[in-house]
Amino acid sequence: MKLDIANAVTLYAPAAVSMVMLAWAGWHYIKGTLTVGTLKKLLWFFAAFLVVLAAAKIIVQYYAYKTDPFGKLFLPPYQSLDWFTYSMWKNHIAPVLFAAIAGILTYGAARGANRFFKRELFVEYDTYILLLAALIVSWPNYVVYCGIVALLTVLILVWKGVKQKNFSDPVVITGALLAGIPLALLLGNAATSYFVLWKLTI
């Protein structure tokens, strides 16, 4: 019973925490009170949460194997410790780590684009939203997220251009960056399966 509860918590906690954080950030964005400091705090909190969650998932998986007659066959001495370690790495650590790396790269690319074009293509807190999105949607869903954001950005540019009859004005894409997160969570698993994006990882 306790193991079932632990499994349920580790399964649903990421989505619950992500939605609360996203709703909170979205609310502050709509009110115009979203700040870099706020996003940094969310980033550190969620990064720490993911580390604890990964450890909890590994512990729960270990005890699930240990307490099951068939599951024991996946643990030493029936199975090598290397197999268990690799399995935990692939399922619980690698997706988060790869997403964090991808988020850091896109964060750097966004800031680099601002310097290269000598204009603020990405406002400062946009770069931190990219990092936060990477941790929330994980890998390889982050690839889908970037595609969704690109599509939403084009739609925003076209809509504002037609409305204002001016396609040269810069457009803040914070709304697209935030809206892309729940869309990637909803569509990511199906999309990554269809396009075989898991090949982008181990």
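Student: How many helices and strands are there in the protein chain?

Tutor: An overview begins with the elements of secondary structure. This is a predicted model, and its protein chain has six helices and zero strands. Read along the sequence, the pattern is α-α-α-α-α-α.

Student: What share of the residues of the protein chain count as buried?

Tutor: The protein chain has 202 residues, of which 38% count as buried. One may also ask how far apart in sequence the partners in a contact lie. Among contacts between residues at least 6 apart in sequence, 71% join residues at least 24 apart.

Student: At what angle do helix 2 and helix 4 pack, and how should the angle be read?

Tutor: An angle is judged against a cut-off: under 35 degrees counts as roughly parallel. Helix 2, residues 36-66, and helix 4, residues 124-137, pack at about 15°, and their axes are 10 Å apart. Helix 2 is therefore roughly parallel to helix 4. Their crossing is left-handed.

Student: Which residues make the contact between helix 2 and helix 4?

Tutor: On the side of helix 2, the residues include Val 36, Leu 39, Phe 46 and Leu 50. Helix 4 contributes, among others, Glu 124, Tyr 128, Leu 132 and Ile 136. By class, this contact has 14 nonpolar residues, two charged residues and no polar ones.

Student: At what angle do helix 2 and helix 3 pack?

Tutor: Here the other end of the scale applies, where angles over 145 degrees count as roughly antiparallel. Helix 2 and helix 3 pack at about 150°, with their axes 10 Å apart, so helix 2 is roughly antiparallel to helix 3. The crossing of these two helices is right-handed. Among the residues in contact are Ala 54, Ile 58 and Tyr 62 of helix 2, together with Trp 83, Phe 84 and Ile 93 of helix 3. This contact divides into 10 nonpolar, two polar and one charged residue.

Student: How many residues has the largest nonpolar core, and which have the most contacts inside it?

Tutor: The largest nonpolar core has 41 residues. Those with the most contacts inside it are Phe 46, Leu 132, Tyr 142 and Tyr 145. Two or more residues come from each of helix 1, helix 2, helix 3, helix 4, helix 5 and helix 6. The largest share, 10 residues, comes from helix 4.

Student: Which residues does Phe 46 touch, not counting residues up to four places away in sequence?

Tutor: Phe 46 touches Val 17, Ser 18, Met 21, Leu 132, Leu 135 and Ile 136.

Student: Is Thr 127 buried or exposed?

Tutor: Burial is judged from relative accessible area, and a residue under 20% is buried. Thr 127, in helix 4, is counted as buried because its relative accessibility is 1%. Leaving aside neighbours within four places in sequence, Thr 127 is in contact with Tyr 107, Ala 110, Arg 111 and Phe 122.

Student: How does Ala 15 count at 44% relative accessibility?

Tutor: Values between 20% and 50% mark a residue as partly exposed. Ala 15, found in helix 1, has 44% relative accessibility and therefore counts as partly exposed. Ala 179, in helix 6, is also partly exposed, with a relative accessible area of 35%.

Student: What separates the C-alpha atoms of Ala 15 and Pro 182?

Tutor: Separation along the chain and separation in space are two distinct readings. Ala 15 and Pro 182 are 167 residues apart along the chain, yet their C-alpha atoms are separated by 9.9 Å. Ala 179 and Tyr 145 are 34 residues apart in sequence and 9.7 Å apart in space, C-alpha to C-alpha.

How values were computed. Residues are numbered from 1 along each chain as its sequence is written. This is a predicted model: local features need pLDDT of at least 70, side-chain atom pairs count only at pLDDT 80 or more; totals for chains, interfaces and linings use all residues. Side-chain values use heavy atoms; hydrogens and water are left out. Axes are lines fitted to C-alpha atoms, for helices over the stretch in contact, and angles run from 0 to 180 degrees between N-to-C directions. Helices (H or I, at least four residues) and strands (E, at least two) are DSSP runs, numbered from the N terminus. Angles under 35 degrees count as roughly parallel, over 145 as roughly antiparallel, 65 to 115 as roughly perpendicular and the rest as oblique. A crossing is left-handed if the near helix is turned anticlockwise from the far one by less than a right angle, and right-handed if clockwise. Contact means heavy atoms within 4.5 Å. Ala, Val, Leu, Ile, Met, Phe, Trp, Tyr, Cys and Pro count as nonpolar, Asp, Glu, Lys and Arg as charged, and the others, Gly among them, as polar. A nonpolar core is a set of buried Ala, Val, Leu, Ile, Met, Phe, Trp, Tyr and Cys residues joined through side-chain atoms within 4.5 Å. Buried means under 20% relative accessible area, exposed over 50%, partly exposed in between (1.4 Å probe, protein chains only).
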